[in-house]
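Got your viewer open? Let's take a short walk through this structure, one selection at a time.

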Amino acid sequence: AGAVRCWGEPLDADTRPDNVTAPARPAWLDATTIPGLSAVSALALGDNFGCALTDPAAPSVRCFGNNQRRQLGPATPIATTVALPTLAAAPDPWLALAAGAAFACAMSQTTLTCWGDNRRYQAGDPSGIPTAAPHPLDLGAATDLVGLALGARHGCVRTRRGEVYCWGDNSRGQCASADPGGPALRRVPLDAPALHLAAGGDTTCATTATTVWCWGDNSVGQLTPTPAPNPPMDPDLAFSTVPVAVALDPTTTSSPTCTSTPACTFCDPTCATPTRLVAGADHTCAVFADAPPACWGHGGDGRLGRTDEPAYASPARAVFGPDLADLAAGGATTCALAAGVVVCGGALPSPNLSATALAVDVDRACAIELSGAIACWGPSGAITRTTLGAAPSQLALAGPSTCAATSDGVTCWG
């Protein structure tokens, strides 16, 4: 039960010799069951590798795919399913699993362990070199962990008290501190406890009871509607090492604004705050329980879900449709599941299909259709369908690869 199957470009594609070409018939369209995975409770894909949290009774982490940066754990550059024995047991159950570009982390309430690429200290190892051995990070004052978010080369955790701590690459302000970054956790200076957390490529955002705060890269307007400095901009300067308050733009919000005290700058008309955040490469969206989502950042192509979308936009209500059931962002695209129908904006077109779940990556999106088939499409809009032996419960995309968790295990293709 709980197996994983994948399809798409092989997860070890980066290790293929240059003189070996792919077969004329793209065999990667066929789904492949990843061996050794069962009872999968969480699935995360990075660039050409994946990890799964298995066996809820005795949780462990197993990884597969490309191992160029030791993101599978053992120091062997082969595509395989590898158990990380040092993660097989924790002081308390593993709560979250996440993957960055070439590193991954697992989090329990009292433990944070990372492995893989460490050239920006994202795996938490002071050596600054890729680490095959999962490395437990020194949490310091960060206790009682409840949330985990990884960007391309940095990570952040949220505590039950609402504190946010970040580590890894800080060259674009991703850790909200003035230093260049490193393995030590840095507390993000927020004015109130954080409720939700999301990380894009080099940007991180957190919600509080009254607003949304973002920090990191702003080279294409991820933090403010006008990148700093104003265009023509210098990408090397356009970032913030301190959290920036992001507020809904009342001039583009058709519904009444909240009038609570203290003032809520990022609430729906009933003064409710977002229920979660989703992040693409250069844009972020906030999801509300009883109001349309609000998106901001780099736009101009529909990814922010607005008909009057500027290139750099402050948060405003997206027009993805009624009865929003799911929202997913990746790369330059946002897709919504509204009234059972998939609607997309940005680099990918809207497919003509109904679905129950979504996943979006840089240049592809996939959805679980009502029939249980998995439909995927790219910029052309052409849909390919994959049917698995058991109903899929989770989807994960990374580059050209797709993985789905079913009651039979994990299946990947691509």
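In which sense do strands S23 and S24 pair, and over how many bridges? Select residues 324-330 for S23 and residues 333-338 for S24: the two run in the antiparallel sense, paired over six bridges. Before you go further, keep in mind that this is a predicted model.

Stay with this pair for a moment. Click on Ala329, then look across to S24, where Thr334 is its bridge partner. Now go to the turn: S23 and S24 make a hairpin, with two residues between them. Pick Gly331 there, and you have a turn residue with a positive phi of about 55°.

Next, show the surroundings of S23. Is this strand largely enclosed or largely open? Five of its seven residues are buried, so the rest of the structure largely encloses S23.

Time to look at charges. Side chains of opposite charge can pair when their charged atoms come close. How many salt bridges turn up in a search of the whole structure? The count is 12, and we'll visit some of them.

Select Glu163 and show its side chain. One salt bridge joins Glu163 to Arg161, at 2.8 Å from N to O. Now add Arg187: its side chain meets Glu163 in a salt bridge too, here at 3.6 Å, N to O. This second pair links distant parts of the chain, since Arg187 belongs to strand S14 (residues 181-187) while Glu163 sits in the loop between strands S12 (154-159) and S13 (164-169), 24 residues apart.

How buried or exposed are these three? Glu163 has a relative accessibility of 12%, so it counts as buried, being under 20%. Arg161 is partly exposed at 44%. Arg187 reaches 51%, so it counts as exposed, the cut-off being over 50%.

Move on to Asp179 and Arg186. They form a salt bridge whose closest N and O atoms are 2.9 Å apart. Which of the two is buried, and which is partly exposed? Arg186 is the buried one, with a relative accessible area of 17%, whereas Asp179 is partly exposed at 29%.

For the last stop, select Arg120, Arg153, Asp169 and Asp202 together. Here salt bridges link these four residues in a network. Turn the view around and trace the links for yourself.

Key: Residues numbered from 1 in each chain as written. Predicted model: local features only at pLDDT ≥ 70, side-chain atom pairs only at ≥ 80, totals over all residues. Heavy atoms only, no water. Buried < 20%, exposed > 50% of the residue type's maximum accessible area, 1.4 Å probe, protein only. Helix = DSSP H or I, 4+ residues; strand = E, 2+ residues; numbered from the N terminus. Pairing = 2+ DSSP bridges.
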